[in-house]
Amino acid sequence: MAIAVVPRTSLDEVLGAAGATLHPRYGAVMRDLIARALTLAGRSRDYATFRRGFHRTFRQPVACDSRETVPAAFGLLALAGGEAQRCVEYAANFGRDTDTIGAMVGSISGALAGARSLPARWPTSLDPERLESEQRMSAQLASVAIAKAAAQRALSTAALARLTS
């Protein structure tokens with residue numbers, strides 16, 4: 001979800017891009033699952049309602065199945081309004097493959113909202129050397145993601161120009 005690190009990107013843009021890079025034919029199932037999870041999140045009045053409905057509808061035989069974890073991450077992202085702390089807390093208490101879901105929704109919401117969106121105590125609980133290392137790595141990953149998003153945007157613009165000329 002490289003688009004999440006592009007400055008001034010909205011939650012709606014991130015959610016809209018969720019299935020855009022999936023293969024037109026082979027990604028259809030995942031696009032549908034993500035769309036259904038987003039619909040459930042929009043219709044749920046609270047976290048408990050979403051969690052119950054999700055587990056009743058999306059549960060797969062194996063907890064780490066991407067057909068369960070990916071829609072869960074996007075559903076929680078939408079339910080939490082992209083707020084990083086709520087996203088991570090929701091994922092941590094969601095059940096099943098919480099570490100995978102938490103890693104996905106935490107990285108997307110964190111990229112979208114930035115480090116300032118996290119409670120100050122979270123990063124300071126790390127050893128200072130570890131924190132510095134993580135910050136360097138995060139900056140490098142963000143640079144790669146921004147470059148990738150810019151390249152994808154340029155390709156899309158060029159393809160659109162070819163189609164309309």
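Which helix gives the most to the lining of the second largest pocket? Keep that question in mind while you set up the viewer, for the answer comes at the last stop.

This is a predicted model, in which local features need pLDDT of at least 70 and side-chain atom pairs count only at pLDDT 80 or more, while totals for chains, interfaces and linings use all residues. Residues are numbered from 1 along each chain as its sequence is written, and side-chain values use heavy atoms, with hydrogens and water left out.

**Stop 1: two phenylalanines**

Select helix H3, residues 47-58, bearing in mind that helices here are DSSP runs of H or I with at least four residues, numbered from the N terminus. Phenylalanine 50 and phenylalanine 54 lie about one helical turn apart, because they are four residues apart in H3. Their rings form a tilted aromatic pair, 5.7 Å centre to centre with 40° between the planes; rings of Phe, Tyr and Trp (its six-membered ring) pair if their centres lie within 6.5 Å, and planes under 30 degrees apart count as stacked, over 60 as edge-to-face and the rest as tilted. Phenylalanine 50 is buried, with a relative accessible area of 0%, and phenylalanine 54 is buried with a value of 0% too, where buried means under 20% with a 1.4 Å probe and protein chains only.

Now add Phe58 and Phe94, which form one aromatic cluster with Phe50 and Phe54.

**Stop 2: the nonpolar core**

Next, select Phe50, Phe54, Phe74, Leu76, Leu77, Phe94 and Val105, which touch the most other members of the 31-residue largest nonpolar core. Such a core is a set of buried Ala, Val, Leu, Ile, Met, Phe, Trp, Tyr and Cys residues joined through side-chain atoms within 4.5 Å. Helix H4 (66-79) is one of the helices that supply at least two residues of this core, and the largest share, seven residues, comes from H4.

**Stop 3: the pockets**

Turn to the largest pocket, which holds about 970 Å³ of space. A pocket is an open set of points on a 1 Å grid over the protein atoms alone, where a 1.4 Å probe fits, with protein on both sides within 12 Å along at least five of seven lines, and lining residues have an atom within 4 Å of a point; its volume is the space filled by probe spheres set on the points, which are joined across faces, edges and corners. Among the 28 lining residues, select Gly110, Ala115, Leu118, Glu134 and Ser138, the closest to the centre of the largest pocket.

Finally, select Ala2, Ile3, Ala17, Thr21 and Gln152, which lie nearest the centre of the second largest pocket. The helix asked about at the start is H8, which gives six residues to the lining of this second largest pocket.

Definitions and conventions:
Buried < 20%, exposed > 50% of the residue type's maximum accessible area, 1.4 Å probe, protein only.
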